[in-house]
Amino acid sequence: MWVPGQETIKPAAPRPAASTPAVRIPPAARIPAATLEASVPVQQPKDKLLGALAYVTFIPAVVFVLIEPLKRNRFVRFHSFQSIFLTAATIVLAIAIRILYSVLALIPRIGFLLGWLAVAVALLGLVILWLVLVVKALQGTTFKLPVIGDLAERV
């Protein structure tokens with residue numbers, strides 16, 4: 001008598017192993033390791049530190065753009081110009097937040113709270129953005145901001 005759930009389970013039959021042909025790369029098609037390493041630019045620790053230092057204020061960034069050996073270094077130059085453009089964008093943002101705060105202050109009871117909230121959110125966003133840029137520069141990567149990064153790359 002057959003009862004559901006009490007079937008006998010038969011072991012699966014072993015399958016024959018499929019033979020996969022080994023793929024061999026001819027010696028002429030191999031790329032030397034020196035060529036691969038030369039195609040990826042490796043940042044020196046000094047360059048990484050100077051790139052991060054460019055974000056401290058705009059003053060080191062301006063100095064790095066004016067000094068001759070650092071002017072030619074693409075990594076330091078990119079981070080310096082991005083820092084200068086970020087400072088200009090921060091000034092424009094500060095003016096816009098100040099105008100927004102003045103407008104929100106006209107709303108009775110909650111206007112000042114909304115104004116302070118806008119200031120706090122903008123300040124927190126700028127601090128987080130600044131930390132990300134400093135860390136990315138210390139890691140040796142060029143983290144491009146949407147509009148500012150394109151400008152810094154062209155200059």
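Author: Before we start, helices here are DSSP runs of H or I with at least four residues, numbered from the N terminus. And keep in mind that this is a predicted model.

Reader: Got it. Which helix gives the most to the lining of the largest pocket?

Author: That's α5, with four residues. The pocket has a volume of about 310 Å³. Eleven residues line the pocket, and the closest to its centre are Arg74, Phe75, Phe78, Thr142 and Glu153.

Reader: Which elements give two or more residues to that lining?

Author: α5 (74–104) and α7 (148–154).

Reader: And what's the lining like by class?

Author: Mixed: five nonpolar residues, three polar and three charged.

Reader: OK, switching topic. Which residues make up the largest nonpolar core?

Author: Eight of them: Ala52, Tyr55, Leu86, Leu133, Val134, Ala137, Leu145 and Ile148. Helix α6 (residues 111–139) supplies the largest share of this core, three residues.

Reader: What does Val134 touch, if I skip its neighbours within four places in sequence?

Author: Val134 is in contact with Ala52 and Tyr55.

Reader: What about another core, apart from that one?

Author: There's one of six residues, including Ala54, Ala61, Leu70 and Val76.

Reader: Back to Ala52 for a sec. Which residues of helix α2 are buried?

Author: In α2 (residues 45–53), the buried ones are Asp47, Leu50, Gly51 and Ala52. So Ala52 is buried in α2 and also belongs to the largest nonpolar core.

Reader: What do the buried residues of α2 pack against?

Author: Four helices: α3 (58–66), α4 (68–72), α5 and α6.

How values were computed. Residues are numbered from 1 along each chain as its sequence is written. This is a predicted model: local features need pLDDT of at least 70, side-chain atom pairs count only at pLDDT 80 or more; totals for chains, interfaces and linings use all residues. Side-chain values use heavy atoms; hydrogens and water are left out. On a 1 Å grid over the protein atoms alone, a cavity is a set of points where a 1.4 Å probe fits but cannot get out, and a pocket is an open set with protein on both sides within 12 Å along at least five of seven lines; lining residues have an atom within 4 Å of a point. Grid points are joined across faces, edges and corners, and a volume is the space filled by probe spheres set on the points. Ala, Val, Leu, Ile, Met, Phe, Trp, Tyr, Cys and Pro count as nonpolar, Asp, Glu, Lys and Arg as charged, and the others, Gly among them, as polar. A nonpolar core is a set of buried Ala, Val, Leu, Ile, Met, Phe, Trp, Tyr and Cys residues joined through side-chain atoms within 4.5 Å. Buried means under 20% relative accessible area, exposed over 50%, partly exposed in between (1.4 Å probe, protein chains only). Contact means heavy atoms within 4.5 Å.
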